Amino acid sequence: MESTAKEEQVVINYWSPDYGNLPVEIIEHIFGYLHHSDRQAAGATCSNWRDALFIGEFKRRNQVHFAKVCLSDRLPPAKYLLKCQRLYRNYYLDEVTFGQIQELTALIGQSAVEITFDNVEIGDKQFYAFMRLLTHLESLTITRCSSLFMSGAFLDGVDDLGNSIASIRRLSLQQNQYLSDAIFLRLTSLIKSLESLNMSGCHIAYHNAIQRRFYPNENTHANESILTFKFITKIILNHRKHFRELDLSHTMISGPALESLGPHENVEGVELHSLKLTSCRQLNTTSMMAFIQTQPSLVVLDLADTLCMNNDCLAAVVENIPKLTSLNIAGCTALNNEGATLLGNLKCLKYLNISRCDGITTEGLKQGIARALNSHLRCLQMSHLKICEEGIKCVAINCPELRVLNVGHCVNGVTDASVQCIVQHLTWLRELSLENCFWVSDAALTGINLAKLDLKASHTRSLDNFNPLITNSLHERDTLNTSLQSMKISLRSKAEEEIVRDANRKRALFAAYELNSVNNVDGFCIQQLKGLCSLNMKGCNKITDVTLKYGLKFNELKRLFLSSCQQITSIGMESLVVNCPAIEELDLSECYNINDKTIQLITAKLSRLRALHISGCSQLTDHSLDAILVNCKSLNTLSVHRCRRIYADIEDRLTELSTLRNLNMDNANSMENPELFRLKRRLDY
């Protein structure tokens with residue numbers, strides 16, 4: 001008998017699935033549906049899955065990100081990278097300082113195709129040493145590195161960088177001061193075919209009077225003191241055969257300057273695929289319309305917070321750019337429903353941002369993007385719009401393929417009924433923002449309506465605190481108050497009455513779930529959105545532990561924002577950390593009921609937590625800080641503003657958190673303890 005049992009066990013083990021030995025093609029296909037952090041977690045399970053992360057498209061998208069550290073061949077993390085046998089294509093240097101890095105630069109130079117220097121204190125000689133080894137470079141980004149250009153001698157007299165810079169196709173110099181025409185010429189003259197240029201946030205002179213002052217003669221050499229758009233235009237037109245993407249956001253570009261990029265005076269202009277001009281408020285409608293007519297191949301257009309975008313300009317966009325897939329017109333207050341109606345004619349549009357367009361109302365949505373079935377729209381940003389419940393329902397019904405929906409601050413339109421419509425129809429949703437929609441309650445996310453609960457008499461003993469007169473709308477509440485005036489007089493204030501109603505509602509819902517009284521209620525639980533990765537409920541003060549315990553059950557949820565949801569307690573958080581184990585960013589700011597026990601639960605259960613915001617949680621003490629230091633092995637960002645009782649030994653303790661890169665706290669600048677100074681050096685490189 002004993003031998004037979006062993007044979008059966010062997011057979012069972014033989015036929016058990018061996019997921020670790022799946023063909024690489026199948027693993028790669030599965031990984032294609034996962035978020036980057038999920039792929040990293042899956043790759044830690046076995047060597048075969050780990051190897052799948054470094055083939056094909058995943059290998060091209062992997063990025064080595066050094067943030068706020070000192071790079072040295074003898075110190076981690078560079079020391080660990082040097083021991084790695086794999087080569088990476090994309091490197092991001094974020095606020096780092098440099099030691100001796102000869103071996104590191106040699107390693108990066110073997111395979112680097114893209115490199116970014118963001119707010120890095122790097123000298124020109126050190127930059128040249130980097131560039132000499134980057135012989136395969138295709139994309140160069142230099143952001144906020146003004147010290148590199150301060151001397152004005154950048155690349156002056158340097159003749160051995162031609163092989164490195166020649167292959168660059170994408171160049172970004174955003175938010176840099178001290179750029180000049182001479183520096184820009186020396187850099188771009190080495191590039192053979194420039195396809196993309198980002199000069200957003202740079203100090204560029206557009207006025208002709210300035211041009212004449214610094215260039216009195218047409219044959220004058222490139223100036224060392226000023227960066228002019230006329231000179232940039234010459235460089236762009238020289239590369240017009242390959243040039244496709246331009247970003248001049250947050251600059252003073254004018255209408256005539258923009259028109260100079262188009263065809264004029266027997267000069268062939270550029271044919272752009274992407275144009276970004278966010279906050280370029282000097283542009284006028286006439287020039288913008290004229291330029292749009294010359295750009296039929298545009299796919300991405302960003303005119304957010306500009307004054308030139310009105311109904312006529314939008315009509316020109318719809319008429320002349322039929323292949324447009326991404327349109328950002330947020331904050332364009334000159335638009336109204338007449339222009340919004342035209343958006344329905346863009347049949348290829350996948351991304352649309354109409355946030356803060358005060359003139360667009362429900363009618364504009366119903367007659368525009370939601371007038372018929374819209375199966376191509378994937379992302380819709382429509383926060384701060386003056387729309388009603390009907391408008392949001394119409395969008396939810398007619399745009400069923402949405403992956404991202406932002407209806408934050410749409411106070412009048414986002415109600416329990418409209419959120420239920422979103423949950424019912426937008427089953428592919430990945431990101432949902434309901435920020436500051438304070439009428440949203442637990443009923444919106446759980447699908448339960450207290451007015452329809454049929455509670456049997458046998459259950460009365462468990463509902464001692466159940467209030468059958470709870471209402472969910474302003475109209476019902478007003479009607480109820482009028483009918484009760486003759487019955488009793490309440491000495492509570494309106495705020496106190498609201499607190500009592502919320503507490504009764506919470507107890508009633510808990511009781512209903514415990515008694516299984518909700519099986520026959522016709523509602524939709526947010527659990528139907530199986531792939532939800534981000535949920536923003538900041539300021540939704542009617543949300544309670546009921547939603548956290550019975551509504552939020554997502555294996556893929558990465559970001560959850562619950563700031564100012566003041567009815568949340570450890571009861572709901574205890575269920576949340578079990579039902580949503582993949583959370584990486586959690587915001588509990590201004591949640592006054594959060595205590596040390598809650599933080600202990602969060603840090604112990606959420607092993608992938610990278611950002612934690614607990615500002616204004618006044619009950620927290622040093623025990624919460626201890627839990628963070630012991631349990632959070634990957635924490636990158638911590639916000640503890642106005643946590644008065646948590647600051648006792650923060651100088652000494654935070655130095656133990658080696659992964660911390662962003663710390664937000666009160667009075668940090670006044671602390672001069674040596675331990676904090678060392679911490680500050682790590683955080684503020």
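Trainee: How much area does the chain expose, and what share of it do carbon and sulfur atoms supply?
Mentor: The chain exposes about 32700 Å², and carbon and sulfur atoms supply 49% of that. Keep in mind that this is a predicted model.

Trainee: What share of the chain is buried, and what does it take to be called that?
Mentor: Buried means under 20% relative accessible area. Residues of that kind make up 51% of the 685 in the chain.

Trainee: How many helices and strands are there?
Mentor: There are 29 helices and 22 strands. As for contacts with a separation of 6 or more, 77% of them come from residues 24 or more positions apart.

Trainee: Let's zoom in. Why is Thr-306 called buried?
Mentor: Its relative accessible area is 3%, and the cut-off is under 20%, so Thr-306 counts as buried. You'll find Thr-306 in the loop between β11 (300-302) and α16 (311-320).

Trainee: What does Thr-306 touch?
Mentor: Not counting residues up to four places away in sequence, Thr-306 touches Leu-277, Ser-279, Cys-280 and Cys-332.

Trainee: What makes the link between the side chain of Thr-306 and the backbone oxygen of Leu-303 a polar contact?
Mentor: The side chain of Thr-306 reaches that oxygen at 2.6 Å. A polar contact needs a pair of N or O atoms within 3.5 Å, one able to donate a hydrogen and the other to accept it, so this pair qualifies.

Trainee: How do you know that Cys-308 is buried?
Mentor: Its relative accessible area is 0%, and buried means under 20%, so Cys-308 is buried. Cys-308 sits in the loop between β11 and α16. Leaving aside neighbours within four places in sequence, Cys-308 is in contact with Leu-283, Asn-284, Thr-285, Met-288 and Cys-313.

Trainee: And Cys-313, why does that one count as buried?
Mentor: Cys-313 has 0% relative accessibility, so the under 20% rule puts it with the buried residues. Cys-313 lies in helix α16. Not counting residues up to four places away, Cys-313 touches Thr-285, Met-288, Met-289, Ile-292 and Cys-308.

Trainee: How far apart are the C-alpha atoms of Cys-313 and Thr-285?
Mentor: They are separated by 6.3 Å, with the two residues 28 apart along the chain.

Trainee: What makes strand β6 "mostly covered"?
Mentor: Five of its five residues, 139-143, are buried. On one side are Ser-139, Thr-141 and Thr-143, and on the other Leu-140 and Ile-142. In a regular strand the side chains alternate between the two faces of the sheet.

Trainee: How do you know that β5 and β6 pair?
Mentor: Two strands pair if there are at least two bridges between them. Five bridges join β5 (residues 114-118) to β6, so they pair. The two run parallel, and Glu-114 stands opposite Ser-139 in β6.

Trainee: What about β6 and β7, how many bridges join them?
Mentor: Three bridges join β6 to β7 (residues 170-172), and the requirement is at least two, so this is a pair. These strands run parallel, with Leu-140 opposite Leu-171 in β7.

Trainee: Which elements make the right-handed β-α-β unit?
Mentor: β5, helix α8 (residues 124-133) and β6.

Trainee: What makes helix α20 "mostly covered"?
Mentor: In α20 (residues 416-425), seven of its 10 residues are buried, including Val-419, Cys-421 and Ile-422. Their cover includes α19 (389-398), β15 (404-406), β16 (431-433) and α21 (442-446).

Trainee: Why is Tyr-178 called partly exposed?
Mentor: Tyr-178 has 43% relative accessibility. Buried is under 20% and exposed is over 50%, so Tyr-178 falls in between. Tyr-178 is in the loop between β7 and α11 (181-188).

Trainee: What makes the phi of Tyr-178 worth a remark?
Mentor: Most residues other than glycine have a negative phi. Tyr-178 has a positive one, about 65°, although it is not a glycine. Asn-436 also has a positive phi, about 60°.

Trainee: Is Asn-436 buried, exposed or partly exposed, and why?
Mentor: Asn-436 has a relative accessible area of 30%, between the 20% and 50% limits, so it is partly exposed. Asn-436 sits in the loop between β16 and α21.

Terms used:
Residues are numbered from 1 along each chain as its sequence is written. This is a predicted model: local features need pLDDT of at least 70, side-chain atom pairs count only at pLDDT 80 or more; totals for chains, interfaces and linings use all residues. Side-chain values use heavy atoms; hydrogens and water are left out. Helices (H or I, at least four residues) and strands (E, at least two) are DSSP runs, numbered from the N terminus. Buried means under 20% relative accessible area, exposed over 50%, partly exposed in between (1.4 Å probe, protein chains only). Contact means heavy atoms within 4.5 Å. A crossover is right-handed if, with the strands pointing away from the viewer, the path from the first strand over the helix to the second runs clockwise. Accessible areas come from the Shrake-Rupley method with a 1.4 Å probe; for residues, only the protein chains shown count as cover.
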